[in-house]
Structures are given as C-alpha cells and as structure tokens.
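Visitor: I am new to this. Please show me the structure, and let me ask how its labels are earned.

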Amino acid sequence: MTSASPRPRHLLDFQDWSAERLTAILDNADTMLQVLDRPVKKVPALQGLTVCNAFFENSTRTRTSFELAARRMSADVLTFAAGSSSVSKGESLRDTVEVLTAYKVDAFVVRHHAAGAAHLVARYSGKPVINAGDGRRAHPTQALLDAHTVRQEFGSLEGKKVAVIGDIRHSRVARSNAELLPKLGAEVVLCGPATLLPADLAALPGVTLTGDPRQAVRGAHAVMALRLQKERMGGGFLGSLQEYADTYQVNEGLLAGAESGAIVLHPGPMNRDLEISGEAADGPRSRILRQVENGQAIRMSVLYHLLVGRD
Amino acid sequence: MTLTITNIKRPNSDTTESVTLENGVIKGWNLPAALTAEGETIDGQGGTVAPALIELHAHLREPGQTEKEDLASGLAAAAAGGYGTVVCMPNTVPVIDDPAIVRTLIQKANGLGFARLHPAAALTKGQNGEALAELGYLKDAGAVMFTDDGRTNENARVLRLGLEYAGSLLDSAGKGMVVSVHAEDASLRADGVMNEGPVSEALGLPGNPAAAEAARVARDLEILAGLHAQGSKAHLHIQHLSTARALELVRGAKVRGLSVTCEVCPHHLTLTDEALRGFDAMYKVAPPLRTQRDADALLEGLKDGTVDCIATDHAPHTRAEKERDLLDAPSGIAYIELAFPLMYTRFGQTLGLDKLLDLMTAGPARVMGWPTPALEAGAPGDLVVLDLETEREVKPAEFRTKAKFTPWAGEMLKGWPLLTVVAGQVAYRQE
C-alpha cells in the first residue's frame, strides 16, 4: 500500500484512518470470510501472539466475536472481565493495564463504559489497542462490519445513503458509523426523537439529522435500527415505549419508503417489536445475521492489520 | 526585623528603588543606608514590585484530603505564585462549617510563613444546602466568606436566607459578608463532564450546557435584587464564571446597581473544550472548559470591568485520581504557582500590566471589602517582585503543590515571581 499517512497503531476511532487503509481492512475481510467458509477455520497469521480481551463492561457478543477472531488467527487469548477481577477491588485502570501489559500481551481489545477509556489504555500500555466500545464514543469494528455489509450488497459505499434510526444520543454505533461511512463516500442520516438526537452532531461532515423517519429512509440503501435501552424511560427522554415504537420502529411500512433494494441492519441485541418489527428483522431485506458473520471477519482483518500487516 | 529589597522598579517605571519593611509593614522607600543597615537586604534583580496577589478561590484540602494538598504545600505554592493572601474553600472532610476548624486552620497557617490564610466557611451545615451554618460564629472565628461552592445551592430558599443572614453581618465599613456561589443548575448539568456542544457530541461525552450556568446566575440575581429591595446589604459573588451569557447577565445586574461581583479563572480564558479531544481528565474542571467565543467574551469582561477579579480555583487532586477515565475522574486544575506568569504572558499586552495587577490584587480586595493593597509606608508588608523579562519553562516536577502536573507543562512563560514577602517576611524566593 502506498498511502502517505502513517500507519495507525490503534483502532480507537477513525480519526487517524485514511479511506485507503479502511478500504484495505474491508478488502482483507473478504479473504477472512473465505477462511471462515473452510472446513478448518484457522490460519497461522498471529501464532505466538497474545491478544488481551479487556472487558471493563460486560458484553458477551462482542467479546465472543473478538475471541473467535483472534483464535482463528492462531493467537492466544487472555480474557479479562472487570466484574470478577481486581477492578472490583478498587484497582485503577492504569494499574490494571500495566499489570496486563506485564503479562507480555501483544494487543488489547478494550470495552469500557467511559468514552476515551480505550485511548487511556493505549497510553498506559504502549500496545496496539482495538476499541470494542467506549461509552457513547466509538465502536469502530461495528461500523466497519456495517460498512462491509453494505458494500457486500451494493459493491461500493460511494453515493450510498445509510439511515440510522433510534437513540442516537447514547449510541457509539451511530457515532462510529457517522464518522466512518462518509469517509468511504456514503451519506449518513441520523434519525430519532429530538431528545435522543443531539443537534450538535450535524457538525460532522457527511451527516444530516432528521426527526422524521420517513424522510430518513427516503432514498436509503440501508436502514439501521438501534437498540433502545429501556432504561431511557427513567431518564425522561421519552413519553412511552409505545409512542416510540409507533413513530420510529423500523418495519415494513417504513421500509416501503426506502430504495427498492434497501437492506436492514441492527447492531444487536434486538428488542423485537420495539425498535424493529419481527417481519423486518426476519424478512428478505434483513442482513442482521450477515452482520454477525462479517463482524468476525472484520475483527480478524483488523487484528491482522494492526499486529502483522506491513505496508 | 527589618527587610530591605533593593534594585526594584514600580510598575511602568524605569527608576530603580528600594523598599524597607519592618514589623510586618512597609517602613518606607529609598531610606538612607543608616536606617536599613542592621536588617537583611535582598537584591530584587531589577524586578517589578507590586502588592502581593490575592486569591479568592483555592482548594487547600485540609482537613481530611491531605493526599491532594495541605496547608503547607498549598500556601507554599501560593507564595511561589506571588500570592500573599489565599481564601480557601470549605469543601473539606469534614466541611469547614465549625468555628473551631476555622480557628485551627488560621492558627496553623500563621505558623507556616507562607501566604496568609482566610478560610471561607460553608453557608450551610455540611454544605448540604438545607440549614444555615453558624454564620455569626464562623465570622467571629475568622471566616471571610460563605459558600457551598461545588455543592451548588439547589434550594433557592436556603440560599436566599443565607444571603439575607450574611448580609446582616456587617464589617466596620458597613458591608455585608460575601456569599459566593458555584452557579450551576445541577439538574441541567446532569451527568455532564464537559461543555455541551459539537465537541462533546463528537467525543460521546455527556455535555454540561451553558444554560446550566446562565439559568442559575439569573435565579440568584433575582433573589439578590429582591433582598436589596427590602434594604438588605447582601453581597453575591459569582465564582469562576465561564459562559458569555452568564457574563452578560452579571453585566446587566451591575447596571441595575446590584451588589454582585464575579471572578474568572485563567483556565477558562486560555483553554477550550477542544482540549478534551485527547480524553485526558487533566482538563476536566467544573464549570467545564467552554468555547473560544466564551473565552473571548470573558476577556472582554475583564477589560470592561464586568469581571471584578481573577481567581484560579486551584483544585489539586492526586495523579491517580486524574488518570481515571473522564466520567470517573474528579474535576479540577491546580496551577496557583503559574497563574500570574500565564496571565501575563498571554494577556499582559492586551490588558496592560496595571489592569492585570488590579484584577489580582485590588480587584479581589474590593470584592471582599478589604483595604486596597498599597505599597506606601504603613501598608501591610505583603509584596511580590516579578521578573517580567525572563522566559522560563513550566516544570511541574518543581511545583510546591502536591499536584505536580498541569496543562501548561513545558510552556515558556514570563512574569515569574522572584520574591514574595508576606507580613514583612520572605515567603518565597526564586532559586
């Protein structure tokens, strides 16, 4: 690759990542998908390397996906879950990271409830860090797998329109997609009730906001429903889940206004019949299970890129 | 004990002079050698002499949080920053809401030989915002100001009672005791950890809107106006004003003739929310770093007199605390040692030396109703000699505060104190 920008050491968000490098990650994920189709789903690329899954916040799915991705690349995996560890005894993030680093791990995969925590792990460990979700900030491998799923369908992201509908305010998935997809030539429309749709996000390049889901899906090639955390009701953001579902649910009626070949995405886990109807989740437009497959391939590709890939 | 400082200049003067201090006060200028021979003489190295600086807002963390700071480290840091007087905040453990604590702190500080200490006491018991503390006893013990500070007086009625009561505790000039407020509506601030705006949204960090400050300032000004209409001498001082809109409200209140004053912190003038992009909790402070537009408005406020004084809100925490993630880390920046050099380097030209010194000496004195600091014979022997020429690097490792880290580490600043004298005694001397 001949990109002029320096090779990023981490995947914390997409700030340091050029479109060329991001495209290389997506291209490489196609190769990884082929590996996953073989009877023996394992390559020796990361043999001898140790990946630490540092999950300061619980997440079975993302952790499992990263764990499998690393194992399929022949890496050793050290899983650190904060709930049952020194963190619950009051150890600081810095001390935890320094101890894990002293175990001679080669990379960190970090999930944390606070935005910026992955940046801190990068600073304290000196090792490559993949952000597996930090607060509301970023979930870059999720956005990459979303991009990959759209690209698989339409061949390219150039000129494509992706509508993201739901609780934008609290969503790292929405922020990462809003950061990534415009870099790859797509247009992003963020949509949700005003209390969950911060107007300041309109400052991001290639991103528009609307409170009207029908307007959001008009011309959209992909429609993504976000999980609505039921706790939001306690925060006073919404009048009722019923009103939310009636207005913002991704269902066949809403999808009728999208592009004819539009696909349906959801980062999971789903609240069926709340933010997404059962028909939309299971119907012919749905690529939700494809997203899960692509997620593993994307994570293999990112690990490869950060740990052994050379320009 | 006689102390003579030679080879110094008054602000904006090229004349080299000497000043002699005796028994804690200024004895006179350019005295004949026969009158100064027996005491100590210090060469002022051609520096500029000014009254020692006054800090109205510092967290010295004693009692109870001495892992962050204590009187010795905090007051030594203040002296090194050119300060001769420090008002410390009462959010300690326990809270400074008891006259005995006030007396103990003053007594302890007096023995240290650094800056003078004037404790602020809690307005309400335990700073809980529910029941007034013993304001009269606290004043008698030496408390100079009442505040619940970061506990933001959510109960407006209790704040009103506090202003009313404090306003009836008059000094010899008939001025009521100052009640200072951290003006922020806690429900609007909610879980915000930085300024709400495009940067907070891009970073995915909960935002604290400018309206939280403006709404609270508006509420408190209306309470004050109501009390004034009833003849109260209540005085409201608004701490660390950070937004253009709140400043506008204070400007209007001053036109109305309300007894209101406000302070602005150098960090709100020199940093913006952009600093949070690296997710370093060193930049987490309350109220938060705002936008350049706000910083520009605050600077205008300094120029046109809306802002009465500069305060640093020196708020030390341990390194481990500030290394936590941004949601978890405590708020505060500690930099009393470099406040003057920072202000002089950045704004010395814009404001002029006289105005800058006024905002850090006479300005805070006016807020408090204290005599205007002066360098004439008979005035208290509190002065600072400043080196306005030599650029020096900010080296946190050399700080006297326990918080040996700062946003300005490595920057070249000028205006460093060469010598700080408090009550006629050397409190700091540059090595």
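**How the labels are earned**

Guide: This model is predicted. Start with two helices: H1(A) passes H5(A) in a right-handed crossing. The contact is made by Ile25(A), Leu26(A) and Ala29(A) of H1(A) with Leu144(A), Ala147(A), His148(A) and Arg151(A) of H5(A).

Visitor: Why are H1(A) and H5(A) called roughly perpendicular to each other?

Guide: Look at the angle. The axes of H1(A), residues 19–36, and H5(A), residues 140–154, cross at roughly 70 degrees. The label covers 65 to 115 degrees. H1(A) and H5(A) are therefore roughly perpendicular. Their axes also come within 10 Å.

Visitor: What makes strand S3 of chain A mostly covered?

Guide: Count its residues. S3(A) spans residues 107–112, and 6 of its 6 residues are buried. A residue is called buried because 20 or more other C-beta atoms lie within 10 Å of its own. Ala107(A), Val109(A) and Arg111(A) point one way, Phe108(A), Val110(A) and His112(A) the other way, and all are buried.

Visitor: How do you know that S3(A) pairs with S1(A) and S4(A)?

Guide: Pairing needs at least two bridges. S1(A), residues 50–55, is joined to S3(A) by 5 bridges. Asn53(A) stands opposite Val109(A) there. S4(A), residues 129–134, is joined to S3(A) by 4 bridges. His112(A) has Asp134(A) as its bridge partner. Both pairings therefore meet the cut-off. S1(A) and S3(A) run parallel, and S3(A) and S4(A) run parallel.

Visitor: Which elements make a right-handed β-α-β unit?

Guide: S3(A), helix H4(A) (residues 117–125) and S4(A) make that unit.

Note on methods: Residues are numbered from 1 along each chain as its sequence is written. Chains are lettered from A and ligands numbered from 1 in the order in which they are written. This is a predicted model: local features need pLDDT of at least 70, side-chain atom pairs count only at pLDDT 80 or more; totals for chains, interfaces and linings use all residues. A residue is buried if 20 or more other C-beta atoms lie within 10 Å of its own, exposed if 12 or fewer, and partly exposed in between; C-beta atoms are placed from the backbone. A crossover is right-handed if, with the strands pointing away from the viewer, the path from the first strand over the helix to the second runs clockwise. Axes are lines fitted to C-alpha atoms, for helices over the stretch in contact, and angles run from 0 to 180 degrees between N-to-C directions. Angles under 35 degrees count as roughly parallel, over 145 as roughly antiparallel, 65 to 115 as roughly perpendicular and the rest as oblique. A crossing is left-handed if the near helix is turned anticlockwise from the far one by less than a right angle, and right-handed if clockwise. Two residues are in contact if their C-beta atoms, placed from the backbone, lie within 7 Å.
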